[in-house]
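Thanks for coming. I will go through one structure today, starting with salt bridges and then turning to the empty spaces and the surface.

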Amino acid sequence: MREHRVPRLSRWLLSITLHVADRRFALADLDEEFERRARRAPADARRWYRGQVARSLIPNMKNRLARVPRTVFGDLVGDIRFALRTLASTPVVGFVTIVSLAVGIAAATSVFTAANAFLMRPVSTSISAPDELVSIYTTAEGGERFGLTSFPDYVDLREQVDAFADTAAVRMGVLQLQSTDNPRRITAEIVTGNYFDMLGIVPPIGRAFAPDESVFGSAERVAVISHHLWQSEFEARPDVVGETITLDGTPFVVIGVAPADLTSRLLALKIAVWVPLGIPGGTYHSNAEELSTRADREHTVVGRLRIGVTAAQAQSQLDVLSARLQQEHGEAWQDERAQPLALALVPASEGTLPPDWLTALAGFSSIVMFAAGLVLLVACFNVAGLFLARAGKRSREMAVRLALGASRRRLVTMLLTESLLLGVLAGVLGVFLSTQAMGWMDSVTLPIGDLSMDFDFSLDRRVLGFGFLLSIATSVVFGLAPALEGSKPSLLPALQGAVTRPSGKRRRLSLRNLLVVGQIAMALVFVVGAGVTLASFDELLEADWGINPERIAMLSRKLPEEITRDATVPYYRDLVERFEALPNVEAAHLATGAEAGAATIDTTAELYVDGYERAEGESLTVPLNSVTPGYMEMLDIQLLRGRTIGPDDVEGAARVAVVTESFAQRFWGDRSPIGEQFGITSLYQMGNPKPMTGVYYEIIGVVADGGYQGFEGGGRMYFWTALYQHPGPRVLMLLKGSQSAEAMVEVLRGEMDPTDFEVAIVTPRTFEDLISFQFGFLVFMGKILAGAGMFGLALATMGIYGTVSFTVNRRTKELAIRQAIGALPGQIVRDVLREGLVLTTWGLVLGLGVVLPLAALLRSEIEGVSPVEPLSTILGAAILLVVAIAAAMVPARRALRLSPVTALRQD
Amino acid sequence: MAASFLAEFELYVMLAIARLGDDAYGAAVRNEIEERADRPVSIGALYATLHRLGNKGLLEFEEADPAPGQRGRPRKYCRLTPDGRYAIEHSTAKLHRMMDGVALADPGNRR
């Protein structure tokens with residue numbers, strides 16, 4: 001029935017500006033006409049509608065003001081009326097002001113929206129008594145690292161700590177949704193049966209889990225689905241309860257639909273389905289074995305404090321429990337440096353993220369916020385310049401008002417009301433733009449797992465409040481200085497119509513000059529900032545990983561269950577041979593991981609070297625990759641000494657390893673490590689939960705150091721072993737094509753196993769894509785920062801041109817007179833130029849003074865930040881100089897071409 | 001009745017309402033002026049004027065909830081009060097008197 005849609009933004013604008021008493025009638029009237037027109041020509045109708053709204057805005061506001069009882073706000077209403085009239089008489093100034101401020105406000109509000117959603121918001125607004133909620137973490141490193149909690153620990157906490165009215169455990173998971181038209185991987189929370197009750201959330205449709213529906217209590221497989229899934233899979237049918245959905249190949253009965261705003265605890269991530277923890281048969285890591293392993297820490301514990309119990313009291317009870325658990329379960333209650341763990345409580349008022357994440361994210365968002373704030377500041381400066389210019393033109397009006405007895409304070413209030421009005425309008429538009437922008441950014445598809453992550457970036461009161469405060473603040477920032485300056489004209493000359501300053505002495509530091517200096521400085525900050533950001537990301541992407549990932553694609557594979565341990569190696573050999581035989585395939589290999597952070601390497605080993613004394617707290621956990629013969633050659637890893645994994649390294653032969661230079665250096669110094677041995681005290685291998693112990697490896701080769709661990713990994717120690725000597729059940733299949741990686745992606749596509757839900761790389765990807773994915777977020781942020789920089793630069797350049805040319809323009813009369821009384825044109829131009837150059841130089845010096853230390857600070861704080869690029873800095877400075885010169889020259893030359901008589905008659 | 005002179009746009013609105021009779025609501029009035037006077041009217045200005053005329057006691061309103069055939073749209077009907085009728089007569093009469101006998105020298109030059 002929605003044949004032709006009314007322009008949404010316009011209708012919204014109209015409805016908020018209309019007086020409440022008229023609103024529904026006026027909107028209905030327009031809708032009626034729109035419909036009639038749309039039947040004839042939809043495009044014309046939309047244009048007509050927009051025109052109607054545009055011409056209604058000012059009458060609407062006047063009308064609303066006329067209906068405010070005059071006595072209540074006295075002057076204010078009059079001021080606003082006057083401001084509206086002024087605005088209507090100079091629509092261009094108003095338009096430019098509102099749009100530039102709105103963009104700045106939109107930038108800052110968007111950053112705030114994301115930060116708010118990520119850092120501050122509770123999981124839902126429908127939680128009852130959110131102040132009583134707490135998160136409980138298992139912390140390591142003396143409380144510095146906040147981690148997840150194991151299920152047995154949760155059970156102990158539940159039974160032994162009485163500070164909580166209730167506690168629930170929840171873990172995140174990814175489930176495969178079987179659906180006829182759109183099978184996909186969806187985000188899930190696997191929760192104890194009391195999760196919804198504990199939060200006080202009542203599903204709007206159906207019911208929540210009963211406490212006995214989790215942890216092996218009930219035989220039924222039940223699920224609560226999200227509002228979104230309800231719409232996409234069940235067409236929002238109210239009788240959805242009792243239907244089934246198939247998750248990971250198993251049918252679940254839908255018992256309820258969650259409130260629309262219920263998100264995950266992490267980063268406002270939207271959850272598609274909730275299933276109980278530990279249902280019979282086990283779903284997604286919640287079988288009896290996994291739920292009884294104390295070292296398997298996968299759960300977040302959420303609790304509700306008993307009434308009257310403080311967080312501190314609850315924490316001291318947790319301390320008692322921690323001490324007891326440490327005693328009873330020594331090894332399972334230590335971190336990797338053998339330090340005891342502890343339980344720590346964080347009140348919900350401090351957010352739902354672990355505090356260490358919070359710190360990291362807050363640091364990051366403040367950098368982005370700084371960039372957005374700078375853009376907004378430039379916008380303010382531009383508008384201030386514009387208003388200052390207008391204040392000059394209105395000096396006569398101000399003088400008349402002063403002469404008639406208005407106080408200066410009254411004038412400032414009047415002028416500030418104007419800027420406030422513009423600021424608030426810009427704020428409304430800015431918040432709207434921001435919601436649109438966030439709408440484009442709220443979904444990210446991960447290449448690993450092909451999972452679509454959706455974030456809830458909806459507006460809430462905090463965001464609206466922020467936008468409002470921001471518009472008030474901007475109004476003051478851009479309005480105060482021009483208001484103060486504009487309200488103090490020298491009475492007599494202003495009344496006589498003189499626009500230029502009367503006395504011969506010009507103040508060196510007039511407000512306008514300060515503005516120019518500030519704008520140039522900020523523009524330079526943008527140039528340098530954008531340069532540094534872009535250079536840093538280039539560097540990051542082109543980093544030397546020590547491998548050549550070209551023309552390679554990969555896919556995860558799981559060993560079929562019917563293949564026995566003895567049949568594994570022959571099975572893998574067949575697999576490799578089959579792929580090598582395919583056309584266009586140059587090489588086929590299997591590995592347990594992929595270097596440069598392409599695929600997370602879950603395989604790490606705790607090393608032991610005879611004769612090496614481990615320092616106190618030193619960690620010797622090193623990642624490794626088990627590979628087939630020739631794998632290292634396929635990646636062009638640079639061999640320094642010895643040999644790589646070869647065809648003779650098979651089961652039964654001595655176990656061999658290839659190590660990095662740093663690895664060799666650490667234990668054997670400058671001696672050749674070839675033939676030396678190292679042991680492994682425990683080896684955690686992908687898909688192989690039981691550690692291997694007491695195995696020795698002989699070093700057969702040394703390779704150059706490289707970024708094998710990827711961006712996240714700091715260390716340079718790394719080693720390779722032979723897959724055929726200890727094959728595991730999970731491998732990556734890597735193919736190198738003779739032409740392109742994309743062709744290999746197509747080959748691997750046929751190998752996807754739609755029934756295997758636990759593989760890491762579900763659909764084939766190129767090696768290079770996977771490497772760059774680890775920077776996905778950073779690159780995205782970099783683009784935002786660089787975009788902010790470019791935008792800010794453009795705004796600042798416009799502002800500089802405007803302000804400088806205005807300053808010179810004001811001197812038209814003076815310049816013409818000087819020429820008339822005999823000054824040489826060259827002399828006059830030199831004069832004007834000198835002033836422009838002095839200001840520009842000051843701006844550049846100030847800008848460099850700010851940006852160089854700032855860049856140095858960033859470089860010392862964040863790894864991988866490039867040094868300031870001299871070329872882009874000089875180029876940027878040159879552009880600014882040219883802009884400033886042009887801005888001074890164009891009006892100066894125009895002034896010189898005027899005849900003095902004409903110039904004198906101008907005002 | 002001291003303040004019975006109507007501004008030009010007010011007069012247009014009043015005349016449109018008088019012409020439409022029982023059918024005078026926002027969209028109809030707007031359309032009437034646009035079509036007859038060939039003058040663009042914004043809905044915002046119309047409602048602001050309606051409110052002003054109402055305040056002067058020249059119009060009264062009746063808010064009607066959606067009737068069948070209106071696709072769920074409410075309407076605000078306007079009716080002239082006796083004062084309103086008087087204001088129209090008064091203003092138009094004065095206008096006629098002012099125009100009487102005025103001959104514009106060059107009707108083609110509209111500056």
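One definition before the examples: a residue is called buried when its relative accessible area is under 20%, exposed when it is over 50%, and partly exposed in between. Asp31(A) has a relative accessibility of 13%, so it counts as buried. Please keep in mind that this is a predicted model.

Salt bridges, then. Side chains of opposite charge can pair when their charged atoms come close. Over all chains, the structure holds 29 salt bridges. Asp31(A) takes part in one of them, with Arg11(A), at 2.6 Å from N to O. Arg11(A) sits in helix H1 of chain A and Asp31(A) in helix H2, residues 20–40, and the two are 20 residues apart. Unlike its buried partner, Arg11(A) is partly exposed, at 29% relative accessible area.

A second pair in chain A is Asp831(A) with Arg818(A), where the closest N and O atoms are 3.1 Å apart. Asp831(A) belongs to helix H25 and Arg818(A) to helix H24, residues 812–820, so this bridge ties together parts 13 residues apart in sequence. Is Asp831(A) buried or partly exposed? At 17% relative accessibility, Asp831(A) is buried, while Arg818(A), at 22%, is partly exposed.

Now chain B. This chain has four helices and two strands, in the order α-α-α-β-β-α from the N terminus. Of its 111 residues, 42% are buried. Arg39(B) forms a salt bridge with Glu8(B), with 3.8 Å between the closest N and O atoms. Arg39(B) is in the loop between helices H2 and H3 of chain B and Glu8(B) is in helix H1, so the bridge ties together parts 31 residues apart in sequence. Arg39(B) is partly exposed, at 26%. There is also a network of salt bridges with shared partners, which joins Glu33(A), Arg36(A) and Arg37(A) with Arg30(B) and Glu34(B).

Next, the empty spaces. The second largest pocket contains about 1600 Å³ of space. Its lining has 43 residues, and those nearest the centre are Leu13(A), Thr17(A), Leu57(A), Met61(A) and Leu425(A). Which element gives the largest share of that lining? H14(A) does, with 12 residues. By class, the lining has 31 nonpolar, nine polar and three charged residues.

As for cavities, there are four of 30 Å³ or more in the whole structure. The largest has a volume of about 100 Å³. Its lining includes Phe387(A), Arg390(A), Glu418(A) and Pro482(A), and H15(A) gives the most to it, four residues. The classes there are six nonpolar, three polar and three charged.

The second largest cavity is about 80 Å³. Among its lining residues are Val804(A), Arg811(A), Glu835(A) and Ala888(A). H25(A) contributes the most, again with four residues. This lining divides into five nonpolar, two polar and two charged residues.

Last, the surface. Phe370(A), Leu846(A), Val850(A), Leu854(A) and Leu857(A) make up a nonpolar patch with about 440 Å² of accessible area together. Helix H25 of chain A, residues 825–861, supplies four of the patch residues, the largest share. Phe370(A) is located in helix H12, residues 355–393, and is partly exposed, with a relative accessible area of 47%.

That is what I have. I will take questions now.

Note on methods: Residues numbered from 1 in each chain as written. Chains lettered and ligands numbered in written order. Predicted model: local features only at pLDDT ≥ 70, side-chain atom pairs only at ≥ 80, totals over all residues. Heavy atoms only, no water. Patch = residues over 30% accessible without salt bridge, like charges linked within 9 Å, V, L, I, M, F, W, Y side chains within 5 Å. Areas by Shrake-Rupley, 256 points an atom, 1.4 Å probe, with all protein chains shown as cover. Salt bridge = Lys/Arg side-chain N within 4 Å of Asp/Glu carboxyl O. Buried < 20%, exposed > 50% of the residue type's maximum accessible area, 1.4 Å probe, protein only. 1 Å grid on protein atoms, 1.4 Å probe; cavity = no way out; pocket = protein on both sides within 12 Å on 5 of 7 lines; lining within 4 Å. Points joined across faces, edges and corners; volume = space filled by probe spheres on them. Nonpolar A, V, L, I, M, F, W, Y, C, P; charged D, E, K, R; others polar.
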